[in-house]
Amino acid sequence: MTQSRPPTESAIPRHTSGPLFTDTGLKLGVFGLNVTSAGAVTASPDRHEINWDQNVRLVRLAEDAGFEAAIPFSRWRGFEGQTNPWGTSFEPYTWASALAALTSRISIFTTSHCLTVSPVFAAKQIATIDAVSRGRIGLNVVAGWFAKELRMFNVETLDHEARYGYSEEWLDILLRLWSEDSDDFDYRGHWLTVEGGYSHPKPSQTPHPPLMNAAFSARGHQLAARYADIAFVSALDPAGVAKKVREIRELAAGFERELSVWVSASVVCADTDREAAQLLRQYSEVDADETAVRNAIEWTMGGAQMPPEQHAQLASAVAATMAGYPLVGSPETIGRQLSDLSAAGIDGVALTWMNYENGLPRFIADVLPILEREGVRRSIAGQLDQS
Ligand SMILES: Cc1cc2nc3c(=O)[nH]c(=O)nc-3n(C[C@H](O)[C@H](O)[C@H](O)COP(=O)(O)O)c2cc1C
């Protein structure tokens with residue numbers, strides 16, 4: 001048996017292959033399709049409801065248009081109120097495996113809470129989906145924040161710092177299970193212990209399936225800088241985004257690593273900026289689900305006290321875009337916003353909509369050609385067509 005060994009940051013190689021890491025410009029991910037009301041907390045009759053056929057159809061549509069990734073949420077309950085947003089969702093490992101079998105080019109992610117899944121089970125599930133997808137699975141790894149849902153797993157008591165410590169050990173074990181040929185390693189961490197660690201088959205991707213981590217806190221960014229191939233930043237404008245991109249890249253450089261930096265963003269597109277603003281106002285203010293918005297703020301901010309004006313600002317961001325970067329306007333405006341994000345150093349965007357059934361086809365028809373015309377991205381679909 002080999003002994004447990006301390007993690008060495010430089011031993012965690014950066015993922016460099018696959019469509020997510022090409023030099024074709026801004027990458028696009030369809031995000032949260034597996035969860036009701038993923039992109040906006042609203043009682044609008046048009047809000048996102050899920051069914052399997054729709055999920056398959058829309059992921060295939062994204063794939064055909066050249067999107068690089070489909071990324072699910074891992075969610076176990078919702079924000080209650082009138083419409084219980086996020087309350088109904090497909091489980092992300094099984095979702096990813098089925099979609100892997102039904103697509104051929106797009107990267108399919110699963111999203112996993114470390115606290116709710118054994119890394120031994122996760123390593124084999126992902127290696128299995130790697131085989132099903134022929135090397136297209138990625139992992140969005142989540143430390144968890146939603147006490148009421150973690151309580152169902154009896155693991156809600158760890159504080160923020162402890163959840164990240166736990167997650168790092170979870171990732172150390174996962175990476176060893178994926179990479180070590182030794183059939184028997186022991187791991188003894190503060191939180192996790194594995195005796196005789198063993199997992200076959202190994203994933204086919206080199207050095208391993210890409211790891212995404214979407215934390216925003218300083219502690220979360222520490223984990224992302226050490227382990228992730230794709231990290232996220234959040235800011236209100238391109239200048240703020242550029243600053244955070246620089247900071248997280250510097251953090252990763254401290255671990256002798258490089259990473260891709262993405263933002264999550266929500267699209268509200270109409271013929272004109274004015275119509276997009278009206279649409280946004282209709283679903284986030286006129287058709288508001290105020291109790292669910294209040295719960296979302298209370299439960300995501302851990303009950304933090306904040307001045308009323310800050311609360312109102314946040315409530316409006318949660319209702320409108322679930323606090324993602326707002327891409328609101330005509331196709332030209334949204335194209336410009338995405339171009340600005342790309343110029344700020346952003347490598348990819350994980351996109352949500354209030355209504356994916358209308359929003360995704362419209363984005364593909366009207367915004368994508370602008371991104372390609374302006375050289376913000378070249379799609380994989382385009383590349384294949386030319387070859
Ligand atoms: C793109 C993206 C995807 C996320 N996916 C999930 C998810 O599926 N489930 C979840 O519980 N949290 C998810 N989160 C939340 C983060 O992983 C993280 O828990 C949150 O930002 C709070 O952590 P922090 O306090 O370290 O910033 C996501 C965040 C972003 C931006």
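**Exercise 1. Is Glu-357 buried, partly exposed or exposed, and what surrounds this residue?**

*Worked solution.* Keep in mind that you're looking at a predicted model.

Step 1: Start with the relative accessibility of Glu-357, which is 33%. Buried means under 20% and exposed means over 50%, with partly exposed in between. So Glu-357, at 33%, counts as partly exposed.

Step 2: Now place the residue. Glu-357 belongs to helix α12, which covers residues 356–373.

Step 3: Look for its partners. Once you set aside neighbours within four places in sequence, Glu-357 is in contact with Gln-54, Arg-57 and Leu-58.

Step 4: Check the side chains for polar contacts. The side chain of Glu-357 makes one with the side chain of Gln-54, at 3.1 Å. Another polar contact, of 3.3 Å, links the side chains of Glu-357 and Arg-57.

**Exercise 2. Find how far apart the C-alpha atoms of Glu-357 and Ala-242 are**.

*Worked solution.* Step 1: Go along the chain, where 115 residues separate Glu-357 and Ala-242.

Step 2: Then go through space: 32 Å lies between their C-alpha atoms.

**Exercise 3. Describe the surroundings of the ligand.**

*Worked solution.* Step 1: Find the residues around the ligand. There are 17 of them, and Ser-74, His-113, Tyr-164, Phe-216 and Ser-217 come nearest.

Step 2: Sort the shell by residue type. You get nine nonpolar residues, seven polar ones and one charged one.

Step 3: Hunt for oxygen atoms of the ligand that pair up with side chains. In the side chain of Tyr-164, an N or O atom is 2.5 Å from a ligand oxygen. For the side chain of Ser-217, the distance from an N or O atom to an oxygen of the ligand is 2.5 Å. With Arg-75, a side-chain N or O atom is 2.9 Å from an oxygen atom of the ligand.

Step 4: See how much of the ligand is covered. Taken alone, the ligand exposes 620 Å², and the protein buries 85% of that.

Step 5: Ask which elements give two or more residues to the shell. These are β3 (107–113), β4 (137–142) and α5 (160–179).

**Exercise 4. Are Cys-114 and Cys-269 buried or exposed, and how many disulfides does the structure hold?**

*Worked solution.* Step 1: Use the cut-off again: buried means under 20% relative accessible area. Cys-114 has 1% relative accessibility, so this residue is buried.

Step 2: Do the same for Cys-269. Its relative accessible area is 14%, so Cys-269 is buried too.

Step 3: Count the disulfides. The structure holds zero.

Definitions and conventions: Residues are numbered from 1 along each chain as its sequence is written. This is a predicted model: local features need pLDDT of at least 70, side-chain atom pairs count only at pLDDT 80 or more; totals for chains, interfaces and linings use all residues. Side-chain values use heavy atoms; hydrogens and water are left out. A residue is near a molecule or strand if one of its heavy atoms lies within 4 Å of it. A polar contact is a pair of N or O atoms within 3.5 Å; within protein, one must be able to donate a hydrogen and the other to accept it, and residues adjacent in sequence count only if both atoms are side-chain atoms. Accessible areas come from the Shrake-Rupley method with a 1.4 Å probe; for residues, only the protein chains shown count as cover. Helices (H or I, at least four residues) and strands (E, at least two) are DSSP runs, numbered from the N terminus. Ala, Val, Leu, Ile, Met, Phe, Trp, Tyr, Cys and Pro count as nonpolar, Asp, Glu, Lys and Arg as charged, and the others, Gly among them, as polar. A disulfide is a pair of cysteine sulfur atoms within 2.5 Å. Buried means under 20% relative accessible area, exposed over 50%, partly exposed in between (1.4 Å probe, protein chains only). Contact means heavy atoms within 4.5 Å.
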